[in-house]
Amino acid sequence: MRADTALDALVSGLQGHLVADVDWQALIALANHTLLTPALFSSLAQSGQIERLPGDVRDYLAFIDDCNRNRNLSLRAQLIETVAAFNSRGIVPILLKGAVPLFVSPPGRLPSRMTSDLDIAVEAGEEAAAKACLEELGYREVPDVRGMARPQDAGILELRRYRPDGFGCPQPVQRDGLRVKIPSLEARAMHWIMHDLLKEGDYWRGRIDLRHLHDLAQLAESEQLDWATLRTAMPNKTTRNALDTQLLTLHHFFGTKIPADAAGRPMPRLQHWRRIYTVRHPVSGAPLRLAGNLAWGLSRLTRSLELARRNPIELVRRAGLILSNKGLRSKI
């Protein structure tokens, strides 16, 4: 099965549809690589298509889904313990990324999303108290990794300072006596998009994080996400181009409704074409991917030289984080 055929089959499966003549080995390999195997099982089960799968494929997908569910139960227990400890000190944490659905979903309906770690933010003046609280629970800093962990837990907990994002204050949510704050839909969407396209360079490198793209599609489908407001909040031309590129890719794969203006400008259309072409034609698209990686590398080198001039210790720390995370990406 060609790479683009496996990709189309996976995207269809994530929407609850089966395509004819599926190469299940190629499809499962791609689902595993993009961390979407549990989501694939869940979508096919909800659409009633799961019984049409070959028995060994169905059993494998069910096994991975069950393992992921058990892990998410452990992550949820870890999150609840942390929130309770914070609340006891008067701290109401802000939940980010995958921590949000883990907290708000009922225990019997946990999300199928594969979550690598727990991302939690606190107000600037609460950082020291929050870190001390985690240390009392047994958490310790993980060398060369941005986060804290305990041996018995399923994932690392990343504690960060909350920074206003221009979409208003996170809204308070209370469940089972525990209090948290959750950012707006637009803030959550912007975090995923800016993290992938700008911080990790996918805008220049032409890569796609299909799991995060699926997250955005589900977010837009389940609730009223205001893409127009998100577009107007972008601070400069580069971030607007990156957002529109991601919106075009989101519409291409999942049919998500996007503002008409997002498809009208030449640069996002060119960047979107480049991403799709290199994914569907990895051999002939290799020069485009190489050019993007070179552009990204040059950009990082320029920033690193500036950082070395201002703060060489921080440069060494960031280099350690990059090396420690090498090989953990799930991009296509």
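**Exercise 1.** In which loop is I208 found, and is I208 buried or exposed?

*Solution.* The model used in these exercises is predicted, and every value below was computed from it. Begin by locating the residue along the chain: I208 lies in the loop that joins α8 (202-205) to α9 (210-222). Next, turn to its accessibility, for which buried means under 20% relative accessible area; I208 has a relative accessible area of 0%, so it counts as buried. Then look at what surrounds it: when residues up to four places away in sequence are not counted, I208 touches L213, T249, F253, R275, I276, V279, K331 and I332. Finally, take one of these partners, I332, and compare two kinds of distance, since I208 and I332 are 124 residues apart in sequence, while their C-alpha atoms are 5.3 Å apart in space.

**Exercise 2.** Determine where T115 is found, and list the residues with which T115 is in contact.

*Solution.* The first step places T115 in the loop between α5 (99-104) and β2 (117-122). The second step uses its relative accessible area of 6%, which is under the 20% limit, and T115 is therefore buried. In the third step, its neighbours within four places in sequence are left aside, and the contacts of T115 are then R71, N72, L75, G98, L102 and R211.

**Exercise 3.** Explain why helix α3 is described as largely enclosed by the rest of the structure.

*Solution.* Helix α3 covers residues 37-46, which makes ten residues to examine. Going through them one by one, you find that T37, P38, A39, L40, F41, S42, S43 and L44 are buried. Because eight of the ten residues are buried, the helix is largely enclosed by the rest of the structure.

**Exercise 4.** Examine the backbone at G48, L35 and K97, and state the phi angle of each residue.

*Solution.* Start with G48, which comes just after α3 and takes a positive phi of about 80°. Continue with L35, which is in the loop between α2 (24-33) and α3; although L35 is not a glycine, it has a positive phi of about 60°. L35 counts as partly exposed, with 26% relative accessibility. End with K97, whose place is in the loop between β1 (94-96) and α5, and which has a positive phi of about 50° although it is not a glycine either.

**Exercise 5.** Which residues make the nonpolar surface patch of about 310 Å²?

*Solution.* The patch is made by M267, L270 and W273. To place it on the structure, follow L270, which is found in helix α12 (residues 266-280). L270 has a relative accessible area of 49%, and so it is classed as partly exposed.

**Exercise 6.** Describe the protein as a whole, beginning with its helices and strands and ending with its radius of gyration.

*Solution.* The protein contains 14 helices and seven strands. Along its principal axes, its C-alpha trace spans about 55 × 50 × 35 Å. Of the 332 residues, 48% are buried, and among contacts with a separation of 6 or more, 69% link residues 24 or more positions apart. As for the surface, the protein exposes about 16,600 Å², of which carbon and sulfur atoms supply 55%. For the last step, a compact globule with 332 residues would have a radius of gyration near 20 Å, and the 21 Å of the protein agrees with this.

Notes. Residues are numbered from 1 along each chain as its sequence is written. This is a predicted model: local features need pLDDT of at least 70, side-chain atom pairs count only at pLDDT 80 or more; totals for chains, interfaces and linings use all residues. Side-chain values use heavy atoms; hydrogens and water are left out. Buried means under 20% relative accessible area, exposed over 50%, partly exposed in between (1.4 Å probe, protein chains only). Helices (H or I, at least four residues) and strands (E, at least two) are DSSP runs, numbered from the N terminus. Patches are made of residues with over 30% relative accessible area and no salt bridge: like charges are joined within 9 Å, nonpolar side chains (Val, Leu, Ile, Met, Phe, Trp, Tyr) within 5 Å. Accessible areas come from the Shrake-Rupley method with a 1.4 Å probe; for residues, only the protein chains shown count as cover. A salt bridge is a side-chain nitrogen of Lys or Arg within 4 Å of a carboxyl oxygen of Asp or Glu. The radius of gyration is taken over C-alpha atoms; the globule rule is 2.2 Å times the number of residues to the power 0.38. Contact means heavy atoms within 4.5 Å.
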